[in-house]
Amino acid sequence: MTTAMLITMILGFVLSVSVAVSIGLASVVGIQVNQAHMLISVKEIFNAVNKFPLAAIPFFILAGNLMETGGISRRLVDFAKSIVGGVQGGLPMTCVLTCMIFAAVSGSSVATTFAIGAILIPALVKHGYPKSYAAALQATSAELGVVIPPSIPMILYGVAAEVSIGELFIAGFGPGVLISGALMLFVWGYCKYKGWGKTDGEGRLGFFAATRQALWALLMPIIILGGIYGGVFTPTEASAVAVLYALIVGMVIYREISLKDLAQVLRKSVISSAVIMFIIANAGLFAFLITRAGVPDAIGHWLEATLQSPMWFLLGVNAALFIIGMFIETSAAIIVLGPILAPVAMHFGVDPVHFGLIMVVNLALGMITPPFGVNLFAACTVAKIPLEHIIKHLIPFVLVVLACLMVITYVPELSLALRDALK
């Protein structure tokens with residue numbers, strides 16, 4: 001059964017069938033080969049999406065789209081520019097810092113790419129940066145959308161591996177700050193080397209003026225994250241609060257969202273949510289079947305015999321996830337692989353929360369690596385350039401994030417120290 005499922009899924013990928021459909025077809029083939037009743041598929045698909053934490057996904061997507069349309073993202077850009085925009089290379093640093101702040105509410109890297117990229121890619125080009133560099137920078141910076149909490153992939157991992165989503169969110173701060181800091185340091189040094197960005201400070205607001213203008217936008221992550229960690233509401237409830245706050249700020253305070261705009265925002269959010277939920281539904285059935293077939297146990301025994309120490313296990317998993325992330329969408333990979341790999345990691349003594357951060361950061365790299373990097377497509381769409389034009393500038397960014405991934409992997413305190421301190 002497992003062989004037939006894998007062959008069907010891989011064949012679907014080769015024929016450019018969508019990931020969700022390929023996984024669903026593979027599951028149906030597995031049921032037929034095993035001569036089981038097809039009602040299993042209905043039951044398990046329903047069970048896969050019938051989980052309360054998953055309600056956060058459409059709400060966070062809607063919140064991100066409301067922030068983009070309601071002027072919140074533009075004000076966050078001005079605020080970030082007031083902090084780091086005055087130095088040479090300050091505009092690329094502004095891109096990284098803005099994505100970090102925006103990610104603290106949106107939870108989605110694609111939403112971050114469109115919302116921030118629509119503002120900063122033209123600004124970077126205007127200040128003399130190559131358009132291909134601007135697109136590569138934006139795609140990479142937006143990856144913070146799934147590392148800085150709240151994060152949709154963290155929610156998916158928490159559901160799939162039965163790990164506390166709140167603990168995953170707390171653990172995400174250390175890795176998120178590390179990657180942000182490394183990217184800002186790299187772009188500052190690279191711009192110095194290239195001689196770019198000597199006029200980045202032009203048109204920059206003062207810190208207090210930018211803070212006053214962005215005050216309502218800056219309060220949003222404080223309210224959402226403060227509410228979660230203060231025990232006022234759960235991560236799922238926080239997603240609904242984020243929508244309400246973004247709606248009030250965008251329609252009543254900033255007055256940049258009209259009823260006509262609202263209809264378009266809702267339509268875009270529904271489509272994005274439906275795509276993710278369709279993947280989750282099919283991946284849930286697939287995960288159920290391969291678990292029943294004993295695949296996780298078999299993989300665990302093989303890894304235990306082959307990689308006999310936690311260090312080699314983590315290195316092997318990172319290499320495998322990096323390759324998988326290049327070809328399979330992040331959400332689908334987490335839903336399928338989370339229940340398989342998390343128990344094996346625990347067997348090697350790896351904390352499941354720490355392992356969740358390793359998975360999320362690694363698979364997030366798939367968003368900026370060809371051939372199926374969704375952030376790359378989004379950034380190229382905003383910049384209006386073909387994908388192959390940004391590869392040269394993309395490689396150094398990927399290497400920086402890979403270096404951060406190694407630190408996250410082998411220094412678990414970076415992820416777990418804050419969680420342990422708050423217990």
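This briefing walks you through the overall build, the hollow spaces and a few individual residues of this protein. The structure is a predicted model. Helices account for its regular elements, with 22 helices and zero strands. Its largest pocket has a volume of about 870 Å³, and there are also two cavities of 30 Å³ or more.

**Overall build**

- A compact globule of 423 residues would have a radius of gyration near 22 Å, and the value for this protein, 21 Å, agrees with that.
- Taken along the principal axes, the C-alpha atoms fill a box of roughly 65 × 45 × 45 Å.
- Buried residues make up 53% of the 423 in the protein.
- Among contacts with a separation of 6 or more, 79% join residues that are 24 or more positions apart.

**The largest pocket**

- The pocket of about 870 Å³ has a lining of 33 residues.
- Which residues lie nearest its centre? They are Val 110, Val 275, Ile 276, Glu 329 and Val 374.
- Several helices give two or more residues to this lining: H2 (19-33), H4 (56-69), H7 (109-126), H9 (152-161), H15 (259-292), H18 (330-347) and H20 (374-383).
- Helix H15 provides the largest share of the lining, with six residues.
- Sorted by class, the lining holds 21 nonpolar residues, nine polar ones and three charged ones.

**The second largest cavity**

- This cavity has a volume of about 30 Å³.
- Its lining is made up of Tyr 133, Phe 186, Tyr 190, His 393, Pro 396 and Phe 397.
- Helix H11 (173-194) and helix H21 (391-410) are the elements that give two or more residues to this lining.
- H21 gives the most, with three residues.
- What classes do the lining residues of the second largest cavity fall into? Five are nonpolar and one is polar, with no charged residue.

**Helix H4, one of the pocket helices**

- H4 has 14 residues, which should span 20 Å at 1.5 Å a residue; the C-alpha atoms at its ends are 20 Å apart, so the two figures agree.
- Most of this helix is covered, with 10 of its 14 residues buried.
- The buried residues of H4 are Ala 56, Ile 57, Phe 60, Ile 61, Leu 62, Ala 63, Gly 64, Asn 65, Leu 66 and Met 67.
- Just after H4 comes Gly 71, which takes a positive phi of about 85 degrees.

**Two residues to find in the model**

- Ser 415 sits in helix H22, which covers residues 413-422.
- Is Ser 415 buried or exposed? Its relative accessibility is 0%, so Ser 415 counts as buried.
- Leaving aside residues up to four places away in sequence, Ser 415 touches Ala 171, Pro 175, His 354, Leu 357 and Ile 408.
- Ala 274 belongs to helix H15, the helix that gives six residues to the lining of the largest pocket.
- With 44% relative accessibility, Ala 274 counts as partly exposed, because that class lies between the buried limit of 20% and the exposed limit of 50%.
- Ala 274 and Gly 366 are 92 residues apart in sequence, and their C-alpha atoms are 21 Å apart in space.

Key: Residues are numbered from 1 along each chain as its sequence is written. This is a predicted model: local features need pLDDT of at least 70, side-chain atom pairs count only at pLDDT 80 or more; totals for chains, interfaces and linings use all residues. Side-chain values use heavy atoms; hydrogens and water are left out. On a 1 Å grid over the protein atoms alone, a cavity is a set of points where a 1.4 Å probe fits but cannot get out, and a pocket is an open set with protein on both sides within 12 Å along at least five of seven lines; lining residues have an atom within 4 Å of a point. Grid points are joined across faces, edges and corners, and a volume is the space filled by probe spheres set on the points. Helices (H or I, at least four residues) and strands (E, at least two) are DSSP runs, numbered from the N terminus. Ala, Val, Leu, Ile, Met, Phe, Trp, Tyr, Cys and Pro count as nonpolar, Asp, Glu, Lys and Arg as charged, and the others, Gly among them, as polar. The expected span of a helix is 1.5 Å times one less than its number of residues. Buried means under 20% relative accessible area, exposed over 50%, partly exposed in between (1.4 Å probe, protein chains only). Contact means heavy atoms within 4.5 Å. The radius of gyration is taken over C-alpha atoms; the globule rule is 2.2 Å times the number of residues to the power 0.38.
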